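Visitor: I'd like a close look at a single part of this model rather than a tour of the whole thing. Could you pull it up for me?

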Amino acid sequence: MPTTGLTLTTGLTLLIGLGVLLAGRRLFWLFVAATGFVTGLRVGTALLSDQEQWLMIAVAVVLGVLGALLALFVQWLAIGLAGFAAGAYASLVVAEVLDVASGGWAWVIAAVGGLVAAALLLWLWDSVLVLLSAVVGAGMLAGLAHLGSLGTAAAFIGLFVVGVAVQTSLFKPARRPSRA
């Protein structure tokens, strides 16, 4: 049976990444679930590298589902955890693009980025949610095309800018017409 270039995992990453990139502010539960998934995939890959791939994906899916349930039922806890996970993920993506995530520093970078993002998200909810969802969406999508490090960095930056622009322009509250 011939294979196509698009696997199920790639297709799901593409769809979820686009949703988070372009509508993470409106689809908060998707942002939290996607952040849980990519964090679970990173953690699963790091901690379970000698295990079967299905186990790593299962860990990622469980964390994604837990994130979505938290977003629905315990919103402030979900916001803090999603902020931490998104900040850690974003920090690692940026550190990899800049090639500074070697050795034990990756975990330090992730922890600091996670704490800063969680605090900012809880403090400046709307603006930070747009930025974090654009970072997570861009991070999910940028590596799909396998463009090399420079191409991936350029794609990440371009996607991030598009995500922020779309989320801030399309989802602004409607202006009241002025009385003239």
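Visitor: Let's zoom in on helix 4. In which kind of crossing does helix 4 pass helix 6, left-handed or right-handed?

Guide: Helix 4 goes past helix 6 in a left-handed crossing. Keep in mind that this is a predicted model. Let me fill in the picture around that helix, starting with the chain it belongs to.

The chain has 180 residues, and 39% of them count as buried. Its secondary structure comes to seven helices and zero strands, so if you read the elements off from the N terminus you get α-α-α-α-α-α-α. Helix 4 itself covers residues 75-97.

Now back to its partners. Packed helices are described by two things, the angle between their axes and the distance between those axes. Take helix 6, residues 125-142: its axis and that of helix 4 come within 10 Å and cross at roughly 45°. Angles of 35 to 65 degrees fall outside the parallel and perpendicular classes, and therefore helix 4 and helix 6 are oblique to each other.

Helix 5, residues 105-123, is the other partner to look at. Here the axes are 6 Å apart, and helix 4 and helix 5 pack at an angle of about 140°. Roughly antiparallel needs an angle over 145 degrees, so this pair is oblique as well. The handedness is another matter: helix 4 passes helix 5 in a right-handed crossing, while its crossing with helix 6 is left-handed.

If you want a residue to click on in helix 5, try Trp107. Its C-alpha atom is separated by 9.8 Å from that of Ser91, and the two residues are 16 apart along the chain. Trp107 has 55% relative accessibility, and the cut-off for exposed is over 50%, so Trp107 counts as exposed.

Finally, have a look at the surface. Helix 4 shares a nonpolar patch with helix 3, residues 53-73, and each of the two supplies at least two residues. Helix 3 gives the most, with seven residues. The patch is formed by Val61, Val62, Leu63, Val65, Leu66, Leu69, Phe73, Val74, Leu77 and Leu81, and together they have about 880 Å² of accessible area. Leu77 is a handy one to pick out, since it sits in helix 4. Its relative accessibility is 45%, so Leu77 counts as partly exposed.

Key
Residues numbered from 1 in each chain as written. Predicted model: local features only at pLDDT ≥ 70, side-chain atom pairs only at ≥ 80, totals over all residues. Heavy atoms only, no water. Patch = residues over 30% accessible without salt bridge, like charges linked within 9 Å, V, L, I, M, F, W, Y side chains within 5 Å. Areas by Shrake-Rupley, 256 points an atom, 1.4 Å probe, with all protein chains shown as cover. Salt bridge = Lys/Arg side-chain N within 4 Å of Asp/Glu carboxyl O. Helix = DSSP H or I, 4+ residues; strand = E, 2+ residues; numbered from the N terminus. Buried < 20%, exposed > 50% of the residue type's maximum accessible area, 1.4 Å probe, protein only. Axes fitted to C-alpha atoms, helices over the stretch in contact; angles between N-to-C directions. Parallel < 35°, antiparallel > 145°, perpendicular 65-115°, else oblique. Left-handed = near helix turned anticlockwise from the far one by under 90°.
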